[in-house]
Amino acid sequence: MQSSKRGFGQAVVIGGSIAGLLSARVLSDHFEKVIILERDPFPEGPEARKSTPQGRHIHALLEAGLKVLDGLFPDLVQEMVREGVDIVDLARDAAWLQSGSWKARYEGGPQSILVSRPFLEWKVRGRVTALPNVEVKQGFGVEELLTDAARTRVTGVKVKGPDGEQTVEGDLVVDSSGRGSRAPHWLELLGYGRPEEEHVGIDLGYTSRFYERPAGFDDWKILVVNGRAPEARRAGFISNVEGGRWIVSLNGYFGDHAPTDDAGFLEFARGLPTPHLYEYIRHAKPLTAPVSHKIQASRWMHYEKMARFPEGFVLLGDAVCALNPVFGQGMTVIGLGARLLGEQVAQARNSSGGLHQGLGRSFQKELSKIIGTCWFLTTTLDLAHPQTRGKRPIGLKGLLWSVQNMIDLTSLDVKSCMAFYDVLHMRKGVEGLLQPGFVAALMAYNAKSLVVPREKRANLTTLPPPPGRKRSPAPPDQQDAAA
Ligand SMILES: Cc1cc2nc3c(=O)[nH]c(=O)nc-3n(C[C@H](O)[C@H](O)[C@H](O)COP(=O)(O)OP(=O)(O)OC[C@H]3O[C@@H](n4cnc5c(N)ncnc54)[C@H](O)[C@@H]3O)c2cc1C
(Lines give C-alpha, C1' and ligand atoms only; values in the text may rest on other atoms or scores of the structure.)
Protein backbone atom coordinates (compact mmCIF):
# COMPACT_ATOMS: atom_id res chain seq x y z
CA MET A 1 0.00 0.00 0.00
CA GLN A 2 3.01 2.31 -0.30
CA SER A 3 3.88 5.12 -2.71
CA SER A 4 1.24 7.37 -4.18
CA LYS A 5 1.22 11.05 -5.04
CA ARG A 6 0.68 11.84 -1.37
CA GLY A 7 3.51 9.49 -0.40
CA PHE A 8 1.98 6.71 1.63
CA GLY A 9 -1.17 4.62 1.46
CA GLN A 10 -3.47 4.48 4.49
CA ALA A 11 -3.04 5.65 8.08
CA VAL A 12 -5.27 4.59 10.96
CA VAL A 13 -5.86 6.87 13.95
CA ILE A 14 -7.36 5.40 17.14
CA GLY A 15 -9.49 8.02 18.92
CA GLY A 16 -11.01 11.19 17.48
CA SER A 17 -10.35 13.61 20.31
CA ILE A 18 -7.78 16.37 20.20
CA ALA A 19 -4.71 14.12 19.70
CA GLY A 20 -6.49 11.99 17.09
CA LEU A 21 -7.76 15.01 15.17
CA LEU A 22 -4.39 16.75 15.10
CA SER A 23 -2.65 13.50 14.11
CA ALA A 24 -5.12 12.99 11.28
CA ARG A 25 -4.56 16.55 10.11
CA VAL A 26 -0.77 16.16 9.80
CA LEU A 27 -1.01 12.68 8.28
CA SER A 28 -3.49 13.88 5.66
CA ASP A 29 -0.57 15.68 3.98
CA HIS A 30 1.31 12.44 3.46
CA PHE A 31 -1.21 9.59 3.18
CA GLU A 32 -3.73 8.88 0.45
CA LYS A 33 -6.27 8.14 3.15
CA VAL A 34 -6.52 8.64 6.90
CA ILE A 35 -9.16 6.76 8.89
CA ILE A 36 -10.10 7.94 12.36
CA LEU A 37 -11.72 5.21 14.47
CA GLU A 38 -13.68 6.72 17.37
CA ARG A 39 -15.65 4.65 19.86
CA ASP A 40 -17.85 7.48 21.13
CA PRO A 41 -20.14 9.13 18.54
CA PHE A 42 -19.59 12.87 18.07
CA PRO A 43 -22.28 15.36 19.05
CA GLU A 44 -23.59 17.72 16.37
CA GLY A 45 -22.43 20.85 18.16
CA PRO A 46 -19.87 22.09 20.69
CA GLU A 47 -20.91 19.74 23.47
CA ALA A 48 -18.83 17.76 25.94
CA ARG A 49 -18.66 14.02 25.19
CA LYS A 50 -19.09 11.11 27.59
CA SER A 51 -15.64 9.74 26.81
CA THR A 52 -13.90 13.08 27.36
CA PRO A 53 -15.37 14.23 30.68
CA GLN A 54 -12.43 16.59 31.19
CA GLY A 55 -14.05 18.79 28.53
CA ARG A 56 -16.44 20.17 31.15
CA HIS A 57 -13.56 21.87 32.96
CA ILE A 58 -11.36 24.84 32.17
CA HIS A 59 -8.96 24.22 29.28
CA ALA A 60 -6.22 26.77 28.79
CA LEU A 61 -4.05 26.73 25.69
CA LEU A 62 -0.41 27.78 25.87
CA GLU A 63 1.04 30.06 23.22
CA ALA A 64 2.98 27.25 21.54
CA GLY A 65 -0.28 25.29 21.21
CA LEU A 66 -2.05 28.27 19.71
CA LYS A 67 0.71 28.63 17.12
CA VAL A 68 0.46 24.98 16.12
CA LEU A 69 -3.31 25.30 15.66
CA ASP A 70 -2.86 28.44 13.64
CA GLY A 71 -0.29 26.74 11.43
CA LEU A 72 -2.39 23.62 10.84
CA PHE A 73 -5.73 25.34 10.29
CA PRO A 74 -5.44 28.70 8.52
CA ASP A 75 -7.95 31.26 9.80
CA LEU A 76 -9.32 28.90 12.49
CA VAL A 77 -8.25 31.17 15.35
CA GLN A 78 -9.70 34.24 13.62
CA GLU A 79 -12.91 32.32 12.92
CA MET A 80 -13.24 31.49 16.63
CA VAL A 81 -12.54 35.10 17.55
CA ARG A 82 -15.32 36.19 15.17
CA GLU A 83 -17.59 33.78 17.02
CA GLY A 84 -16.95 35.26 20.45
CA VAL A 85 -13.71 33.68 21.64
CA ASP A 86 -11.24 36.09 23.25
CA ILE A 87 -7.68 36.24 21.99
CA VAL A 88 -5.57 37.45 24.86
CA ASP A 89 -2.16 38.71 25.93
CA LEU A 90 -1.76 36.60 29.05
CA ALA A 91 0.65 38.99 30.77
CA ARG A 92 -1.90 41.76 30.36
CA ASP A 93 -5.22 39.93 30.57
CA ALA A 94 -4.51 37.29 33.22
CA ALA A 95 -4.66 37.99 36.94
CA TRP A 96 -2.65 35.06 38.29
CA LEU A 97 -1.81 34.23 41.84
CA GLN A 98 0.77 31.49 41.41
CA SER A 99 2.09 29.67 44.45
CA GLY A 100 0.83 32.53 46.59
CA SER A 101 2.20 35.57 44.72
CA TRP A 102 0.51 37.66 42.01
CA LYS A 103 2.23 37.72 38.62
CA ALA A 104 3.37 41.08 37.26
CA ARG A 105 1.01 42.41 34.57
CA TYR A 106 2.40 44.09 31.44
CA GLU A 107 1.82 44.36 27.69
CA GLY A 108 3.53 41.93 25.33
CA GLY A 109 3.16 38.56 27.04
CA PRO A 110 2.28 35.21 25.49
CA GLN A 111 -0.83 35.04 23.34
CA SER A 112 -3.65 32.60 23.81
CA ILE A 113 -7.35 32.11 23.28
CA LEU A 114 -9.95 31.59 25.99
CA VAL A 115 -12.30 28.92 24.75
CA SER A 116 -14.19 25.97 26.16
CA ARG A 117 -12.76 22.58 25.30
CA PRO A 118 -15.92 21.30 23.53
CA PHE A 119 -16.01 24.42 21.33
CA LEU A 120 -12.34 24.10 20.42
CA GLU A 121 -12.65 20.38 19.70
CA TRP A 122 -15.80 20.96 17.62
CA LYS A 123 -14.06 23.59 15.52
CA VAL A 124 -10.98 21.41 14.98
CA ARG A 125 -13.19 18.41 14.21
CA GLY A 126 -15.07 20.45 11.61
CA ARG A 127 -11.83 21.29 9.83
CA VAL A 128 -10.39 17.77 9.97
CA THR A 129 -13.55 15.97 8.87
CA ALA A 130 -13.82 18.37 5.91
CA LEU A 131 -10.47 17.14 4.56
CA PRO A 132 -11.18 15.08 1.44
CA ASN A 133 -8.87 12.21 2.38
CA VAL A 134 -9.94 11.85 6.04
CA GLU A 135 -12.71 9.43 6.96
CA VAL A 136 -14.18 9.27 10.45
CA LYS A 137 -15.83 6.07 11.60
CA GLN A 138 -17.88 6.77 14.72
CA GLY A 139 -18.93 4.01 17.07
CA PHE A 140 -15.82 1.97 16.24
CA GLY A 141 -13.76 0.76 19.20
CA VAL A 142 -10.32 -0.66 18.47
CA GLU A 143 -9.72 -4.00 20.18
CA GLU A 144 -6.25 -5.02 19.15
CA LEU A 145 -3.30 -4.37 16.88
CA LEU A 146 -2.63 -6.49 13.80
CA THR A 147 0.93 -7.25 12.75
CA ASP A 148 2.94 -9.02 10.08
CA ALA A 149 3.82 -12.68 10.67
CA ALA A 150 7.12 -11.78 12.35
CA ARG A 151 5.31 -9.34 14.67
CA THR A 152 7.84 -6.65 13.87
CA ARG A 153 5.42 -4.32 12.10
CA VAL A 154 1.91 -3.15 12.95
CA THR A 155 -0.26 -3.53 9.85
CA GLY A 156 -3.65 -2.39 11.11
CA VAL A 157 -6.22 -2.91 13.85
CA LYS A 158 -9.11 -5.15 14.74
CA VAL A 159 -12.13 -2.99 15.46
CA LYS A 160 -15.65 -3.55 16.75
CA GLY A 161 -18.30 -1.39 15.10
CA PRO A 162 -22.06 -1.34 14.72
CA ASP A 163 -21.89 -4.37 12.37
CA GLY A 164 -19.50 -6.44 14.45
CA GLU A 165 -15.78 -7.01 14.16
CA GLN A 166 -13.65 -6.08 11.19
CA THR A 167 -10.06 -5.30 10.37
CA VAL A 168 -8.73 -1.99 9.12
CA GLU A 169 -5.31 -1.97 7.50
CA GLY A 170 -2.82 0.83 7.79
CA ASP A 171 0.81 1.58 6.93
CA LEU A 172 0.88 3.61 10.13
CA VAL A 173 -1.33 3.24 13.21
CA VAL A 174 -1.51 6.12 15.69
CA ASP A 175 -2.80 5.37 19.17
CA SER A 176 -4.40 8.57 20.45
CA SER A 177 -7.01 6.86 22.59
CA GLY A 178 -6.25 8.84 25.73
CA ARG A 179 -5.44 7.80 29.25
CA GLY A 180 -7.32 4.53 28.93
CA SER A 181 -5.18 3.40 25.97
CA ARG A 182 -4.79 -0.38 25.86
CA ALA A 183 -1.46 -0.21 24.06
CA PRO A 184 0.54 -1.54 27.05
CA HIS A 185 -1.60 -4.68 26.97
CA TRP A 186 -1.49 -4.95 23.17
CA LEU A 187 2.29 -4.63 23.09
CA GLU A 188 2.66 -7.18 25.85
CA LEU A 189 0.50 -9.66 23.90
CA LEU A 190 2.76 -9.15 20.90
CA GLY A 191 5.85 -9.98 22.95
CA TYR A 192 7.24 -6.47 23.40
CA GLY A 193 6.59 -6.22 27.13
CA ARG A 194 5.01 -3.20 28.82
CA PRO A 195 6.44 0.31 28.96
CA GLU A 196 7.80 1.62 32.25
CA GLU A 197 5.14 3.74 34.01
CA GLU A 198 5.84 6.82 36.11
CA HIS A 199 3.17 8.09 38.46
CA VAL A 200 2.94 11.14 40.67
CA GLY A 201 -0.11 10.63 42.88
CA ILE A 202 -2.09 13.77 43.74
CA ASP A 203 -5.78 12.75 44.15
CA LEU A 204 -6.82 15.97 42.50
CA GLY A 205 -10.48 16.82 41.98
CA TYR A 206 -11.94 19.46 39.63
CA THR A 207 -15.44 20.87 40.00
CA SER A 208 -16.66 23.32 37.36
CA ARG A 209 -19.68 25.25 36.19
CA PHE A 210 -20.51 28.03 33.76
CA TYR A 211 -21.67 31.50 34.79
CA GLU A 212 -23.04 34.46 32.89
CA ARG A 213 -20.19 36.93 32.44
CA PRO A 214 -21.04 40.36 33.91
CA ALA A 215 -21.53 42.86 31.08
CA GLY A 216 -18.69 45.28 30.45
CA PHE A 217 -16.35 43.64 32.92
CA ASP A 218 -12.74 43.80 31.68
CA ASP A 219 -10.36 44.02 34.64
CA TRP A 220 -9.05 40.62 33.61
CA LYS A 221 -10.09 37.90 31.19
CA ILE A 222 -8.78 35.01 33.18
CA LEU A 223 -8.27 34.82 36.94
CA VAL A 224 -6.20 32.09 38.55
CA VAL A 225 -5.87 31.71 42.29
CA ASN A 226 -3.32 29.15 43.32
CA GLY A 227 -1.79 29.14 46.79
CA ARG A 228 1.61 28.13 47.99
CA ALA A 229 2.23 24.43 48.59
CA PRO A 230 2.26 22.64 50.93
CA GLU A 231 0.01 24.93 53.02
CA ALA A 232 -2.48 25.55 50.19
CA ARG A 233 -4.12 22.58 48.51
CA ARG A 234 -6.81 24.41 46.57
CA ALA A 235 -6.86 26.43 43.38
CA GLY A 236 -9.56 28.25 41.44
CA PHE A 237 -9.93 29.54 37.90
CA ILE A 238 -12.36 31.88 36.15
CA SER A 239 -11.96 32.21 32.41
CA ASN A 240 -13.90 34.06 29.77
CA VAL A 241 -15.20 31.63 27.17
CA GLU A 242 -17.36 31.95 24.06
CA GLY A 243 -21.02 32.81 24.48
CA GLY A 244 -20.41 35.66 26.96
CA ARG A 245 -19.77 33.11 29.70
CA TRP A 246 -17.30 32.41 32.43
CA ILE A 247 -16.15 28.90 33.16
CA VAL A 248 -15.29 28.55 36.83
CA SER A 249 -13.20 25.56 37.91
CA LEU A 250 -12.18 24.79 41.47
CA ASN A 251 -9.67 22.13 42.30
CA GLY A 252 -8.22 20.54 45.39
CA TYR A 253 -5.54 17.98 46.16
CA PHE A 254 -5.70 14.81 48.25
CA GLY A 255 -9.44 14.43 48.37
CA ASP A 256 -10.17 18.06 49.26
CA HIS A 257 -12.59 18.41 46.34
CA ALA A 258 -15.22 21.08 45.75
CA PRO A 259 -18.79 19.80 46.23
CA THR A 260 -21.29 19.84 43.38
CA ASP A 261 -24.10 21.64 45.21
CA ASP A 262 -24.50 25.43 44.96
CA ALA A 263 -23.71 26.26 48.57
CA GLY A 264 -20.82 23.81 48.83
CA PHE A 265 -19.28 25.11 45.60
CA LEU A 266 -19.34 28.69 46.89
CA GLU A 267 -18.09 27.69 50.31
CA PHE A 268 -15.14 25.86 48.75
CA ALA A 269 -14.35 28.99 46.70
CA ARG A 270 -14.42 31.02 49.89
CA GLY A 271 -11.76 28.71 51.30
CA LEU A 272 -9.30 29.39 48.45
CA PRO A 273 -5.98 31.00 49.41
CA THR A 274 -7.41 34.46 48.65
CA PRO A 275 -11.07 35.57 48.63
CA HIS A 276 -10.87 37.15 45.17
CA LEU A 277 -12.46 34.35 43.16
CA TYR A 278 -15.26 33.92 45.69
CA GLU A 279 -15.96 37.64 45.59
CA TYR A 280 -16.26 37.56 41.82
CA ILE A 281 -18.70 34.65 41.63
CA ARG A 282 -20.86 35.04 44.69
CA HIS A 283 -23.29 37.40 42.92
CA ALA A 284 -22.76 36.06 39.40
CA LYS A 285 -25.51 34.05 37.71
CA PRO A 286 -24.76 30.32 37.33
CA LEU A 287 -25.80 28.83 34.00
CA THR A 288 -25.06 25.16 34.69
CA ALA A 289 -24.84 22.84 37.67
CA PRO A 290 -21.34 22.01 39.00
CA VAL A 291 -19.78 18.80 37.65
CA SER A 292 -16.72 17.05 39.00
CA HIS A 293 -13.79 15.04 37.67
CA LYS A 294 -11.07 13.23 39.59
CA ILE A 295 -7.42 12.72 38.64
CA GLN A 296 -5.54 10.30 40.83
CA ALA A 297 -2.11 10.87 39.37
CA SER A 298 -0.04 12.40 36.62
CA ARG A 299 1.10 9.45 34.53
CA TRP A 300 3.87 9.04 31.96
CA MET A 301 4.17 5.84 29.95
CA HIS A 302 7.79 5.65 28.83
CA TYR A 303 7.40 4.09 25.38
CA GLU A 304 10.64 5.80 24.40
CA LYS A 305 12.52 3.53 26.81
CA MET A 306 11.19 0.22 25.52
CA ALA A 307 13.91 -2.18 24.45
CA ARG A 308 11.96 -3.17 21.33
CA PHE A 309 9.22 -1.25 19.53
CA PRO A 310 7.25 -2.32 16.45
CA GLU A 311 7.40 -0.45 13.15
CA GLY A 312 4.27 1.24 11.88
CA PHE A 313 3.03 2.33 15.29
CA VAL A 314 3.17 5.59 17.29
CA LEU A 315 1.36 6.97 20.33
CA LEU A 316 0.40 10.57 21.07
CA GLY A 317 -1.54 12.49 23.72
CA ASP A 318 -2.73 11.28 27.09
CA ALA A 319 -2.08 7.75 25.86
CA VAL A 320 1.57 8.62 26.47
CA CYS A 321 1.46 11.23 29.20
CA ALA A 322 -1.42 12.68 31.21
CA LEU A 323 -0.15 15.65 33.17
CA ASN A 324 -1.62 17.38 36.19
CA PRO A 325 -3.72 19.92 34.25
CA VAL A 326 -2.98 22.84 36.55
CA PHE A 327 -0.48 24.38 34.09
CA GLY A 328 -2.73 23.78 31.08
CA GLN A 329 -0.07 21.93 29.07
CA GLY A 330 -1.88 18.82 27.76
CA MET A 331 -3.27 20.11 24.46
CA THR A 332 -0.12 22.09 23.72
CA VAL A 333 2.07 19.01 24.17
CA ILE A 334 -0.33 17.22 21.82
CA GLY A 335 -0.09 20.02 19.25
CA LEU A 336 3.70 20.01 19.36
CA GLY A 337 3.69 16.22 19.18
CA ALA A 338 1.40 16.25 16.15
CA ARG A 339 3.67 18.75 14.42
CA LEU A 340 6.65 16.51 15.19
CA LEU A 341 4.80 13.51 13.75
CA GLY A 342 4.14 15.44 10.55
CA GLU A 343 7.81 16.38 10.30
CA GLN A 344 9.01 12.83 10.88
CA VAL A 345 6.60 11.35 8.34
CA ALA A 346 7.72 14.00 5.83
CA GLN A 347 11.33 12.96 6.42
CA ALA A 348 10.39 9.30 5.98
CA ARG A 349 8.88 10.20 2.60
CA ASN A 350 12.18 11.63 1.48
CA SER A 351 14.27 8.74 2.74
CA SER A 352 14.86 5.48 0.93
CA GLY A 353 13.82 3.48 4.02
CA GLY A 354 10.27 4.89 4.00
CA LEU A 355 7.93 4.58 6.97
CA HIS A 356 9.31 1.45 8.50
CA GLN A 357 12.86 2.34 9.44
CA GLY A 358 12.45 3.16 13.12
CA LEU A 359 9.94 6.03 12.83
CA GLY A 360 7.96 4.90 15.90
CA ARG A 361 11.02 4.64 18.09
CA SER A 362 12.44 7.97 16.92
CA PHE A 363 9.05 9.70 17.33
CA GLN A 364 8.55 8.46 20.90
CA LYS A 365 12.11 9.59 21.77
CA GLU A 366 11.63 13.11 20.43
CA LEU A 367 8.16 13.36 21.96
CA SER A 368 9.58 12.45 25.36
CA LYS A 369 11.80 15.54 25.16
CA ILE A 370 8.75 17.79 24.71
CA ILE A 371 6.95 16.02 27.57
CA GLY A 372 10.03 16.13 29.84
CA THR A 373 10.01 19.91 30.35
CA CYS A 374 6.30 19.94 31.20
CA TRP A 375 6.57 16.92 33.47
CA PHE A 376 9.43 18.55 35.36
CA LEU A 377 7.53 21.82 35.88
CA THR A 378 4.32 20.27 37.17
CA THR A 379 5.64 17.37 39.18
CA THR A 380 8.27 19.48 40.97
CA LEU A 381 5.59 21.76 42.40
CA ASP A 382 3.35 18.79 43.20
CA LEU A 383 6.17 17.19 45.16
CA ALA A 384 6.12 20.18 47.53
CA HIS A 385 3.16 18.41 49.17
CA PRO A 386 4.34 15.69 51.56
CA GLN A 387 1.25 13.63 50.60
CA THR A 388 2.24 13.47 46.92
CA ARG A 389 3.17 9.94 45.94
CA GLY A 390 6.15 9.71 43.60
CA LYS A 391 9.90 9.55 43.32
CA ARG A 392 11.51 12.53 45.03
CA PRO A 393 14.68 13.69 43.26
CA ILE A 394 17.82 14.31 45.29
CA GLY A 395 18.01 17.99 46.21
CA LEU A 396 14.23 18.47 45.99
CA LYS A 397 14.14 20.80 49.01
CA GLY A 398 16.69 23.18 47.48
CA LEU A 399 15.00 22.97 44.08
CA LEU A 400 11.61 23.85 45.56
CA TRP A 401 13.11 26.75 47.47
CA SER A 402 14.61 28.13 44.27
CA VAL A 403 11.45 27.51 42.22
CA GLN A 404 9.33 29.26 44.84
CA ASN A 405 11.75 32.21 44.81
CA MET A 406 11.60 32.27 41.01
CA ILE A 407 7.81 32.46 41.16
CA ASP A 408 7.91 35.23 43.77
CA LEU A 409 10.47 37.11 41.70
CA THR A 410 8.08 37.11 38.73
CA SER A 411 5.53 38.96 40.81
CA LEU A 412 7.52 42.20 40.74
CA ASP A 413 10.22 41.83 38.10
CA VAL A 414 8.80 42.06 34.58
CA LYS A 415 12.00 40.88 32.84
CA SER A 416 12.11 37.71 34.93
CA CYS A 417 8.40 37.20 34.37
CA MET A 418 9.01 37.37 30.61
CA ALA A 419 11.74 34.71 30.84
CA PHE A 420 9.44 32.53 32.95
CA TYR A 421 6.55 32.88 30.47
CA ASP A 422 8.90 32.01 27.59
CA VAL A 423 9.52 28.63 29.18
CA LEU A 424 6.01 28.06 30.50
CA HIS A 425 4.47 28.82 27.10
CA MET A 426 7.08 26.67 25.40
CA ARG A 427 8.62 29.42 23.30
CA LYS A 428 11.86 28.07 24.76
CA GLY A 429 12.95 24.92 26.58
CA VAL A 430 14.10 25.02 30.23
CA GLU A 431 17.38 26.47 28.93
CA GLY A 432 15.40 29.73 28.78
CA LEU A 433 15.85 29.88 32.54
CA LEU A 434 19.60 29.50 32.25
CA GLN A 435 20.21 32.81 30.47
CA PRO A 436 22.75 34.93 32.33
CA GLY A 437 20.37 37.84 33.03
CA PHE A 438 17.73 35.58 34.54
CA VAL A 439 20.22 33.49 36.51
CA ALA A 440 21.79 36.65 37.98
CA ALA A 441 18.38 38.05 38.95
CA LEU A 442 17.39 34.77 40.60
CA MET A 443 20.67 34.43 42.47
CA ALA A 444 20.32 37.96 43.83
CA TYR A 445 16.72 37.19 44.79
CA ASN A 446 17.70 33.93 46.47
CA ALA A 447 20.17 35.90 48.61
CA LYS A 448 17.53 38.53 49.35
CA SER A 449 15.08 35.84 50.42
CA LEU A 450 17.44 34.92 53.26
CA VAL A 451 17.10 38.33 54.88
CA VAL A 452 13.92 40.01 53.60
CA PRO A 453 10.52 38.60 54.64
CA ARG A 454 8.47 37.26 51.73
CA GLU A 455 5.69 39.85 52.00
CA LYS A 456 8.27 42.62 51.48
CA ARG A 457 9.82 41.11 48.35
CA ALA A 458 6.76 39.70 46.52
CA ASN A 459 3.21 40.79 45.84
CA LEU A 460 1.22 38.41 48.01
CA THR A 461 -1.92 40.46 48.48
CA THR A 462 -2.85 42.93 45.75
CA LEU A 463 -4.53 41.77 42.58
CA PRO A 464 -2.57 43.88 40.07
CA PRO A 465 -4.54 46.21 37.78
CA PRO A 466 -4.16 45.82 34.01
CA PRO A 467 -1.28 47.88 32.56
CA GLY A 468 -2.17 51.56 32.31
CA ARG A 469 -4.70 51.45 35.15
CA LYS A 470 -3.92 52.44 38.71
CA ARG A 471 -6.88 51.00 40.60
CA SER A 472 -6.73 47.37 41.64
CA PRO A 473 -9.64 45.40 40.16
CA ALA A 474 -12.65 44.69 42.35
CA PRO A 475 -15.65 42.44 41.73
CA PRO A 476 -18.37 44.11 39.62
CA ASP A 477 -20.82 44.57 42.53
CA GLN A 478 -18.14 46.29 44.60
CA GLN A 479 -17.18 48.49 41.66
CA ASP A 480 -20.81 49.64 41.48
CA ALA A 481 -20.80 50.43 45.18
CA ALA A 482 -17.59 52.46 44.83
CA ALA A 483 -18.93 54.46 41.88
C1 LIG B 1 -9.88 18.42 34.65
C2 LIG B 1 -8.93 18.57 33.50
C3 LIG B 1 -8.56 19.82 33.07
C4 LIG B 1 -7.65 19.97 32.03
N5 LIG B 1 -7.26 21.21 31.66
C6 LIG B 1 -6.40 21.35 30.64
C7 LIG B 1 -5.99 22.64 30.21
O8 LIG B 1 -6.30 23.66 30.84
N9 LIG B 1 -5.20 22.74 29.11
C10 LIG B 1 -4.77 21.63 28.44
O11 LIG B 1 -4.06 21.79 27.45
N12 LIG B 1 -5.10 20.41 28.84
C13 LIG B 1 -5.90 20.24 29.91
N14 LIG B 1 -6.24 18.99 30.31
C15 LIG B 1 -5.64 17.84 29.63
C16 LIG B 1 -6.34 17.53 28.31
O17 LIG B 1 -7.72 17.40 28.55
C18 LIG B 1 -5.78 16.23 27.74
O19 LIG B 1 -4.39 16.34 27.63
C20 LIG B 1 -6.37 15.94 26.36
O21 LIG B 1 -7.76 15.95 26.40
C22 LIG B 1 -5.94 14.57 25.90
O23 LIG B 1 -6.44 14.38 24.62
P24 LIG B 1 -6.33 12.97 23.89
O25 LIG B 1 -6.87 13.17 22.54
O26 LIG B 1 -4.96 12.42 24.07
O27 LIG B 1 -7.26 12.01 24.75
P28 LIG B 1 -8.80 12.13 25.11
O29 LIG B 1 -9.27 13.51 24.99
O30 LIG B 1 -8.96 11.45 26.41
O31 LIG B 1 -9.53 11.30 23.97
C32 LIG B 1 -9.36 9.94 23.74
C33 LIG B 1 -10.36 9.55 22.65
O34 LIG B 1 -10.12 8.20 22.25
C35 LIG B 1 -11.36 7.50 22.18
N36 LIG B 1 -11.07 6.09 22.42
C37 LIG B 1 -10.60 5.53 23.57
N38 LIG B 1 -10.37 4.22 23.39
C39 LIG B 1 -10.70 3.94 22.11
C40 LIG B 1 -10.66 2.76 21.33
N41 LIG B 1 -10.22 1.59 21.83
N42 LIG B 1 -11.08 2.83 20.04
C43 LIG B 1 -11.53 3.99 19.51
N44 LIG B 1 -11.58 5.15 20.20
C45 LIG B 1 -11.16 5.12 21.48
C46 LIG B 1 -12.22 8.14 23.25
O47 LIG B 1 -13.59 7.92 23.01
C48 LIG B 1 -11.81 9.61 23.11
O49 LIG B 1 -12.57 10.27 22.14
C50 LIG B 1 -7.12 18.82 31.38
C51 LIG B 1 -7.49 17.55 31.81
C52 LIG B 1 -8.36 17.42 32.86
C53 LIG B 1 -8.72 16.04 33.33
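**Notebook: sheet, hairpins and ligand shell**

I looked up V173 first and found that its bridge partner in strand 17 is F313. The model I am reading is predicted. I then checked the pairing around this bridge: strand 11 (residues 172–175) and strand 17 run parallel and are joined by three bridges.

**The open sheet**

I traced the sheet next. Five strands make up an open sheet with parallel pairing, in the order 7-2-1-11-17. Which strands stand at the edges? I found strand 7 (134–138) and strand 17 (313–315) there; each has a single partner strand, so one side of each has no neighbour in the sheet. From one strand to the next the twist averages 20°.

I looked for helices packed on this sheet. Helix 1 touches strand 1 (8–14), strand 2, strand 7 and strand 11. The direction of helix 1 makes about 170° with that of strand 2. Helix 10 (residues 359–382) also packs on the sheet, where it touches strand 11 and strand 17. For helix 10 I noted an angle of about 15° with the direction of strand 17.

**Strands 8, 9 and 10**

I moved on to the antiparallel pairs. Strand 8 and strand 9 (residues 154–161) are joined by six bridges, and G141 stands opposite K160 of strand 9. Their hairpin has six residues between the strands, and in it R151 takes a positive phi near 60°.

Strand 9 also pairs with strand 10 (residues 164–169), again antiparallel and over six bridges. Here I found V159 opposite Q166 in strand 10. This hairpin has two residues between its strands.

**The ligand**

I listed the surroundings of the ligand last. There are 35 residues around the ligand, and S17, E38, A60, R117 and M331 come nearest. By class I read 13 nonpolar, 16 polar and six charged residues in the shell.

Which polar atoms face the ligand's oxygen atoms? I noted a side-chain N or O atom of H59 at 2.7 Å from a ligand oxygen atom. A backbone N or O atom of A60 is 2.7 Å from a ligand oxygen atom, and for a backbone N or O atom of I18 I read 3.4 Å. Taken alone, the ligand exposes 1,000 Å², of which the protein buries 94%.

I then asked which elements give two or more residues to the shell. They are helix 1 (18–27), strand 2 (31–38), strand 8 (141–147), strand 16 (291–302) and helix 9 (330–350). Helix 9 gives the most, with three residues.

Terms used. Residues numbered from 1 in each chain as written. Predicted model: local features only at pLDDT ≥ 70, side-chain atom pairs only at ≥ 80, totals over all residues. Heavy atoms only, no water. Near = heavy atom within 4 Å. Polar contact = N/O pair within 3.5 Å; in protein donor to acceptor, adjacent residues only side chain to side chain. Areas by Shrake-Rupley, 256 points an atom, 1.4 Å probe, with all protein chains shown as cover. Helix = DSSP H or I, 4+ residues; strand = E, 2+ residues; numbered from the N terminus. Nonpolar A, V, L, I, M, F, W, Y, C, P; charged D, E, K, R; others polar. Pairing = 2+ DSSP bridges. Axes fitted to C-alpha atoms, helices over the stretch in contact; angles between N-to-C directions. Contact = heavy atoms within 4.5 Å.
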